Amino acid sequence: MVIAIAIIGSALYFATKTPEVASTNNVYEGHGQQIVEITAKGKYAPHLTAAKAGMPTVLRVKTDGTYDCTSQLIVPSMGYRQALPPTGMTDIQLEAQQPGATVRGVCAMGMYNFEIKFN
Ligand SMILES: [Cu+2]
């Protein structure tokens with residue numbers, strides 16, 4: 001009985017601790033660079049992206065009738081801080097990243113964020 005409870009307990013524990021799966025279907029490669037597309041509207045999506053290290057990267061942020069604070073984008077590691085247009089595409093050029101590097105974007109109020117992990 002105790003063992004059964006322990007097994008169920010650990011199963012529930014691991015179910016809630018399942019790591020977030022990094023998206024790759026918003027990463028497009030071509031002409032020696034990669035484009036990472038993030039949608040900003042109510043949140044940043046996808047929240048976690050896996051991209052390639054050692055390759056110049058364009059962070060492309062798409063807005064579409066975005067009037068919430070996700071349009072106030074900060075990328076701390078780039079010293080980037082801009083008001084995105086309510087609708088449109090904004091390209092931010094990133095240098096090739098080291099393996100293991102993470103680039104984070106965050107709204108001006110710090111409520112919403114996204115991460116791009118480079119490997
Ligand atoms: Cu915000």
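**Aromatic pairing, copper coordination and core packing**

A search of the whole structure, which is a predicted model, identifies one aromatic pair. The ring centres of Tyr 44 and Phe 114 are 5.0 Å apart and the ring planes meet at 65°; because planes over 60 degrees apart count as edge-to-face, the pair is assigned to that class. The two partners come from distant parts of the chain: Tyr 44 belongs to strand β3 (residues 44–45) and Phe 114 to strand β10 (residues 113–118), a separation of 70 residues. Tyr 44 has a relative accessible area of 3% and is therefore buried, the limit being under 20%. Phe 114 is likewise buried, at 0% relative accessibility.

Strand β10 is also among the elements that contribute to the largest nonpolar core. This core comprises 21 residues, of which Leu 59 and Leu 73 touch the most other members. Two or more residues are supplied by each of β2, β5, β6, β8 (88–94), β9 and β10. When neighbours within four places in sequence are left aside, the contacts of Leu 73 include both members of the aromatic pair, Tyr 44 and Phe 114. The remaining contacts of Leu 73 are Val 61, Tyr 80, Arg 81, Gln 82, Leu 84, Ile 92, Gly 105, Val 106.

The copper ion is coordinated by the SG atoms of Cys 69 and Cys 107, at 2.0 to 2.1 Å. Cys 69 is located in the loop between β5 (57–63) and β6 (72–75), whereas Cys 107 is part of strand β9 (residues 102–107); the pair therefore ties together parts of the chain that are 38 residues apart in sequence. Both coordinating residues are buried: the relative accessible area is 15% for Cys 69 and 1% for Cys 107.

Two features of the backbone were also noted. Most residues other than glycine have a negative phi, and most peptide bonds are trans. In contrast, the peptide bond joining Ala 45 and Pro 46 is cis, with omega of about -10°. Pro 46 is found in the loop between β3 and β4 (48–51). The second feature concerns His 31, a residue other than glycine, for which phi is positive, near 55°. His 31 is placed in the loop between β1 (27–30) and β2 (33–40). The relative accessibility of His 31 is 87%, so this residue counts as exposed, the criterion being over 50%.

Notes:
Residues are numbered from 1 along each chain as its sequence is written. This is a predicted model: local features need pLDDT of at least 70, side-chain atom pairs count only at pLDDT 80 or more; totals for chains, interfaces and linings use all residues. Side-chain values use heavy atoms; hydrogens and water are left out. Rings of Phe, Tyr and Trp (its six-membered ring) pair if their centres lie within 6.5 Å; planes under 30 degrees apart count as stacked, over 60 as edge-to-face and the rest as tilted. Helices (H or I, at least four residues) and strands (E, at least two) are DSSP runs, numbered from the N terminus. Buried means under 20% relative accessible area, exposed over 50%, partly exposed in between (1.4 Å probe, protein chains only). Donors are N, O and S atoms within 2.8 Å of the metal (3.2 Å for Na, K and Ca); water is not among the atoms, so sites may look incomplete. A nonpolar core is a set of buried Ala, Val, Leu, Ile, Met, Phe, Trp, Tyr and Cys residues joined through side-chain atoms within 4.5 Å. Contact means heavy atoms within 4.5 Å.
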